Structure formats: structure tokens, C-alpha cells
Amino acid sequence: MGISKPQLYRKISALTGRSPVSFICDKRLQKALSLLKENKYNISEIALEVGYNNPSYFSKCFNEKYGVNPSQIAI
């Protein structure tokens, strides 16, 4: 990208008001929510699709952000 890691961190933090890690995590979970609403894939496939290798960790993160389990959305 042509900029250093600290400079990239500062720019993302300035634009979003969050750390890059939390910003990426939020984007992953938003994508997972939209995939869950489509009802095309099961939860473990969605977890892998958005970058979580462990479906139980994905469920934990999803529950912390949205307050419900992914299985309740995928009904």
C-alpha cells in the first residue's frame, strides 16, 4: 500500500474511530449476518467464509456483538 503499519493504523483509527482489528471484526460479522439471513449456508460454512476457523469462537463473537446466537438468526 506504500505506507507503514503505524501510519495505516493511525489513518484507519482517524477515519473510523476504532482500531483496525475491531473495524475488520465488525465488517466480518456484518457480512455473516447478511449470509445468515439468506439461509443458504449453515453456521460453520458462514464462519469459514467470513474468516473464522473455529465456529464456536465465531458464535461467541457474534453473540457479543448482536446479543443473539447465530442459530437464532438462521431459522
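**Loop between α2 and α3**

I started with Asn-39, which lies in the loop between α2 and α3. Helices here are DSSP runs of H or I with at least four residues, strands are E runs of at least two, and both are numbered from the N terminus. I looked up phi of Asn-39 and found a value near 60 degrees, positive in a residue other than glycine. Most residues other than glycine have a negative phi. Asn-39 is partly exposed, since its relative accessible area is 45%. For the cut-offs, I count under 20% relative accessible area as buried, over 50% as exposed and anything in between as partly exposed, with a 1.4 Å probe and protein chains only.

**What I am working with**

Note to self: this is a predicted model, where local features need pLDDT of at least 70, side-chain atom pairs count only at pLDDT 80 or more, and totals for chains, interfaces and linings use all residues. Residues are numbered from 1 along each chain as its sequence is written, and side-chain values use heavy atoms, with hydrogens and water left out.

**Overall build**

I get 5 helices and 0 strands, so to speak a plain α-α-α-α-α when read along the sequence. The radius of gyration is 14 Å, well over the 11 Å from the globule rule for 75 residues, so the chain is more spread out than a compact globule. That radius is taken over C-alpha atoms, and the rule is 2.2 Å times the number of residues to the power 0.38. The C-alpha trace spans about 45 × 20 × 20 Å along its principal axes. Of the 75 residues, 20% count as buried. I put the exposed area at about 5300 Å², with carbon and sulfur atoms supplying 54% of it; the areas come from the Shrake-Rupley method with a 1.4 Å probe, and for residues only the protein chains shown count as cover.

**Core**

Next I pulled up the largest nonpolar core, which has 12 residues, including Leu-29, Ile-46, Val-50 and Cys-61. At least two core residues come from each of α2 (20-38), α3 (43-49) and α4 (55-66), and α2 gives the most, with 5. By nonpolar core I mean buried Ala, Val, Leu, Ile, Met, Phe, Trp, Tyr and Cys residues joined through side-chain atoms within 4.5 Å. I also checked Leu-33: setting aside neighbours within four places in sequence, it is in contact (heavy atoms within 4.5 Å) with Phe-62, Tyr-66 and Ile-73.

**Rings**

I found 4 aromatic pairs. Rings of Phe, Tyr and Trp (its six-membered ring) pair if their centres lie within 6.5 Å; planes under 30 degrees apart are stacked, over 60 edge-to-face and the rest tilted. Tyr-52 and Tyr-57 are tilted, because their planes are at 55 degrees, with the centres 5.9 Å apart. Tyr-52 counts as buried at 4% relative accessibility, while Tyr-57 counts as partly exposed at 44%. Phe-58 and Phe-62 make another tilted pair, 5.8 Å centre to centre and 45 degrees between the planes. Both sit in α4, 4 residues apart, about one turn of the helix, and both are buried. I noted one aromatic cluster of Tyr-52, Tyr-57, Phe-58, Phe-62 and Tyr-66.

**Charges over rings**

Last, I looked for charges over rings (NZ of Lys or CZ of Arg within 6 Å of the ring centre and within 35 degrees of the ring normal). The charged end of Arg-28 sits over the ring of Tyr-52, 5.0 Å from its centre. The charged end of Lys-65 sits over the ring of Tyr-66, at 5.3 Å from its centre.
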